[in-house]
Amino acid sequence: MPTSYHIVVCGSIVPDPLQTLEPVTTPTGPALKNELLLPAVLDPWAGHALFEAAHLAKQHPGSKVWLVSIGPKAKLQQVMMTVAQKVPFELIAIDGPAGGFTESAEIAAALAEAIQGLPGLDKSRLLVFGGWESATRGAGTTLQMVGERLGIVDQFQGVDQLTVRPDGSFQVLERIEGGRHQVSSCGALPALCGWATGNLPEPPNNPQVGMLNMRTVMPALQRAKPTKISNEGVTFPSVSLPKQRRETKIVKDMPPDDIAREIVEWIGKE
Amino acid sequence: MEKNPDTDPRETLKTLPGDDVRQIMWRYQDRYDLQMLIQSSRSVARGIVARLVAEGARNSHDWTAEKNALLPAFDAAGITTCFMDPQQGGFIEGPKNLALSLVAMELAWVDAGASTCSLAGNLALSPIHERGTPEQRDYYMSRCVPPQNGEQRKIWRGAFSLTEPLPYVGVETGLLSGKVSIAEWGVGQEPILQVEKRARFITNMGFANFTTAAVESADPRIKGSCIIILEETDPGVFDRGVPTRKMVHQLSSTNDPVFSLKVPASRIIGGYTVKDGVIHPKFNHSEIIEAVFRRTRVGVGLMTAAKLLSAVEPIIRYHRNRFRGAASVNPGTPRYDQGLQQKEDCLQRLVDIWATGEAAASLGLAAARLFDELDPVEKIKDQKFAEQGIAPGMAQMKAFRGISKQALEFISLAAQPAAERDQARYEALKTDAVVQYLILDSQANVLCPATKLWNTGHGANVMRDAVSLMGGYGITEDCPGFLGHKWMDAQLEATYEGPEAVQRRQLSVTMTNEVFLAVFRSWIRELRLIGTERPGIGADTLATAMELWSWTLEYLQKNTDAHGAKLYHGNRQGVSFPLADALCWLVASRSQILDVLELAAKGPANTVVAEGLDGLVNFFSDLCAVQAASAAGESARICAESVYGYSALPAGPGGKGPGDQTDASGAVTAALEPFVRLRIKLDASLAGSRLAKDRAAEALTKVMIPEALDYPV
């Protein structure tokens, strides 16, 4: 097993979760109202994957991290002003749509093509990371198809922990029902991990890290190739917000037991 | 298909303006270093700073361990380092006025005390940065950079000790009770100085390792005054003193310290020479203060601007949700869906708050960018003058008198079409750094005090309106956006680094500079052109208001009051100060219009901004029109009071007192006819301004806002 890795993280942007997300019908299909105008963040699931990748790379000198991202170029650039400050990586930007109404098979094809085109990529050291699912859509299908297209058969989904053993093999903890984990061992690369939340906190912003990343991020954005996601054959019979809505309220000094009781009651109404 | 203005609804604001919009308006869309700095500052502001405020950390004067956690957060986010040059450990090349201003805004968006805490460290270093020797700059600035990976050292933090115990230095920085004398001066040795300084209201003093202190000579062997660096390990007393019992900005440490220390003369900022056995500091304390404050005051003004803009979202949310939860108010009813936004008054008052915030931000950031432009030109000017043996102070002022003619010539040439002017002469003057310095400096000398005065003084009044729009909630600690705190804090922003009277005094001098007035006339011409191309943006209103102000200034400078006393005079602050106030309204409104034009011009190139650009520009143009009308009204009121107010009351039939500006029929004399015509023109130019306010108010009922504020309450 190698002692350093080529880690490719797939991840894009989603609307800031604090924003009001209102489905609307457009001539090209469903969308979120004013989505392009709303502030965006790196998809939290992909964010966990990126931070885990950077952590792993730091522990194994000689490793390299790429972030392959499909999204509107200008929007990606805005998000990079935050993300690029957190950990070192090289951005591979693809100019295209991002959101919950794009066909995941097409997105997976574009991502896989971009990964295959990475200069100097060593598949015997390759780890493909990404979010197990996405904040825009919880289908959990994209990353699996990326792996299939790359011929990666060792795939793990809902990953919370990846531990490299002294012999180079690694142990993976995948989420299963009941708050438990399935423990797997993997002895060869390439492999793919769809991350759940992992265990790492979000790294703080550091503009000096950002300035270093920007040397490659800006050129990558400038040469981002446009990709067409046609959504051919995809129809959405209906789009609606979840019926069960939680109204935000501010209550100070509420005992934890009361908070828990209220949440249980709320879940029970569904 | 083209839009039909008669049938198609006018596009308006869809969402609150985001970073991509601000980057264009405030001219840093190509500055990735600044964009990242903003994001990292924001994470500190809406993270630890907001939590501290929400947890009640402001309820103590002391610098607590909880508050002290701000410092490493600033360090980690690059806020501490952004003041430094790369060779000192920083990461931003070139002038940093805009960078520091943007950081100040981000922090003040949540809490201005935290912003002051960050800026005060820079303020301590500013005397060294602006006028220190190269050795002093490298020594202190590199020590104030957080330790890098693997470094084992303590970061230094500074405080700026100028203000002294009452009744000394406050408004009048020329009086100092802090003293410096020679303690030891061995033959061939560096003099050791004894510094005695008591200071008051010194920010960062609770933790500073060094301070830059203004002192005056108490020894015939030292000439004049200076600013000197004192370190906590110097022999003697470095007593931080008691925390100042201030009622605001409690996330900054403020103490009343006492110093009695022996320090080497090499600590005199800028160095010194010895002539006939007397130490001559290269810069007296006033020269250093002038260089420092003219830059740092901009950031203070921008704090209040940020607070006004930060009030918009919580107020909209409060108004919309006002009646939700009541048993008798059901979803789907107007009361439920619109809440207080059904009422025109609260919408229109919020439009005024937003328009003021936009104008204040535009003015302050224009000033910051101007200083970024000025800084390198000033260095070239200093170098040229040094080569010619022209010393700072009076000698430079004398040299400028000759050069100002060339500056006026350049301004005149710049106003002419390129094909019609003497292009060779224009190019020659354009590349003359001293001429360009004079032109930029004349503007900076107005925009800086205008930012400090108008943003904080008028801004504090408008913050009060913001608080009142939240009802009783506004004046509680639980108010979303901490609006009550922000209102109170604004009073200190109006006072820090030179209170309002100091700014008015400076403006009353700098706004009469002939170079500035020539620039001002070029602004009027520029606004007339804008008014032709974009009639709804308020440019014509503003241009007329500026003509009226210009006419009034000239009239006041040339005329006397009813008693024959000169009207525009240094000591006649009843005349000069209100006119300075009026000017601030005008320059703020102008900056706001220019920023919206920048957005309209550059927005289409950004695919994200282009999506909602028409509506955004329409809305912002309406805000400009609203603000231009307010500025014109306020300015015209001041001008009218100044022009008529010093005349005698109209005499009875057949009589006429000295200075009476009316004839027997009560009509004004010929001398005032131009003023009357301008006022009529101004009043007429307000056409449509209230319709613009109606449209902007309507937009507030439709705009999408986030579900919740992105920082705790």
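Which residue takes a positive phi in the hairpin of E9(A) and E10(A)? The residue is A:Gly168, with a phi near 95°, and the hairpin has five residues between its strands. Everything described here comes from a predicted model, so please read it in that light. With that hairpin as a starting point, let us walk through the sheet around it, then step back to the two chains, and finish with some helices of chain B.

## The sheet in chain A

Strands E9(A) and E10(A) run antiparallel and are joined by five bridges. Within this pairing, A:Val164 has A:Phe170 in E10(A) as its bridge partner. On a general note, strands of a sheet pair through backbone hydrogen bonds, in either the parallel or the antiparallel sense.

Strand E10, residues 170-176 of chain A, also pairs with E11(A): here seven bridges hold an antiparallel arrangement. If you would like a pair to look for in the viewer, A:Gln171 stands opposite A:Ser185 in E11(A).

Strand E9, residues 155-164 of chain A, has a parallel partner too, in strand E12 (residues 191-195) of chain A, and four bridges join them. A:Val159 is found opposite A:Trp195 in E12(A).

These strands belong to an open sheet of nine strands in chain A, with the order E11-E10-E9-E12-E8-E1-E6-E7-E13 and mixed pairing. At its edges are strand E11 (180-186) and strand E13 (225-226) of chain A, each pairing on one side only. In a regular strand, side chains alternate between the two faces of the sheet.

Chain A has another hairpin, made by E3(A) and E4(A), with two residues between the strands. Strand E3 covers residues 23-26 and strand E4 covers residues 29-32 of chain A; four bridges pair them in the antiparallel sense. In this hairpin, A:Val24 stands opposite A:Ala31 in E4(A).

## The two chains as wholes

Chain A contains six helices and 13 strands. Its radius of gyration is 19 Å, close to the 18 Å that the globule rule gives for 270 residues, so chain A is as compact as a globular protein of that length. Chain B contains 23 helices and ten strands. For chain B the radius of gyration is 27 Å, close to the 27 Å that the globule rule gives for 713 residues, so this chain too is as compact as a globular protein of its length.

Some further values are set out by chain:

| Property | Chain A | Chain B |
|---|---|---|
| Span of the C-alpha trace along the principal axes | about 50 × 45 × 40 Å | about 90 × 70 × 55 Å |
| Residues that count as buried | 46% of 270 residues | 58% of 713 residues |
| Accessible surface | about 13,600 Å² | about 28,400 Å² |
| Part of that surface from carbon and sulfur atoms | 54% | 53% |

How much of the contact network joins residues at least 24 apart in sequence? Counting contacts between residues at least 6 apart, the share is 77% in chain A and 75% in chain B.

Charges can be summarised in a similar way. Chain A has 24 positive and 27 negative charges, and their mean positions are 5 Å apart. In chain B there are 75 positive and 83 negative charges, with mean positions 3 Å apart.

## Helices of chain B

Helix H16 (residues 500-510) of chain B has B:Val502, B:Gln503, B:Leu507, B:Ser508 and B:Thr510 buried. What do the buried residues of H16(B) pack against? Their partners are helix H8 (285-310), helix H14 (433-468), helix H17 (514-533) and helix H19 (573-602) of chain B. As a general point, an α-helix has 3.6 residues a turn, so residues three or four places apart point the same way.

Helix H2 (residues 32-54) of chain B holds B:Arg51. Is B:Arg51 buried or partly exposed? B:Arg51 counts as partly exposed because its relative accessibility is 44%, which falls between the 20% limit for buried and the 50% limit for exposed. From C-alpha to C-alpha, B:Arg51 and B:Tyr711 are 7.9 Å apart in space, although 660 residues separate them in sequence.

B:Ala610 sits in helix H20 (residues 607-611) of chain B. This alanine is also partly exposed, with a relative accessible area of 34%. Setting aside neighbours within four places in sequence, B:Ala610 is in contact with B:Gly603 and B:Pro604. The C-alpha atoms of B:Ala610 and B:Glu11 are 13 Å apart, with the two positions 599 residues apart along the chain.

Notes. Residues numbered from 1 in each chain as written. Chains lettered and ligands numbered in written order. Predicted model: local features only at pLDDT ≥ 70, side-chain atom pairs only at ≥ 80, totals over all residues. Heavy atoms only, no water. Rg over C-alpha atoms; globule rule 2.2 N^0.38 Å. Buried < 20%, exposed > 50% of the residue type's maximum accessible area, 1.4 Å probe, protein only. Contact = heavy atoms within 4.5 Å. Areas by Shrake-Rupley, 256 points an atom, 1.4 Å probe, with all protein chains shown as cover. Lys, Arg positive; Asp, Glu negative; His and termini not counted. Charge placed at Lys NZ, Arg CZ, Asp CG, Glu CD. Pairing = 2+ DSSP bridges.
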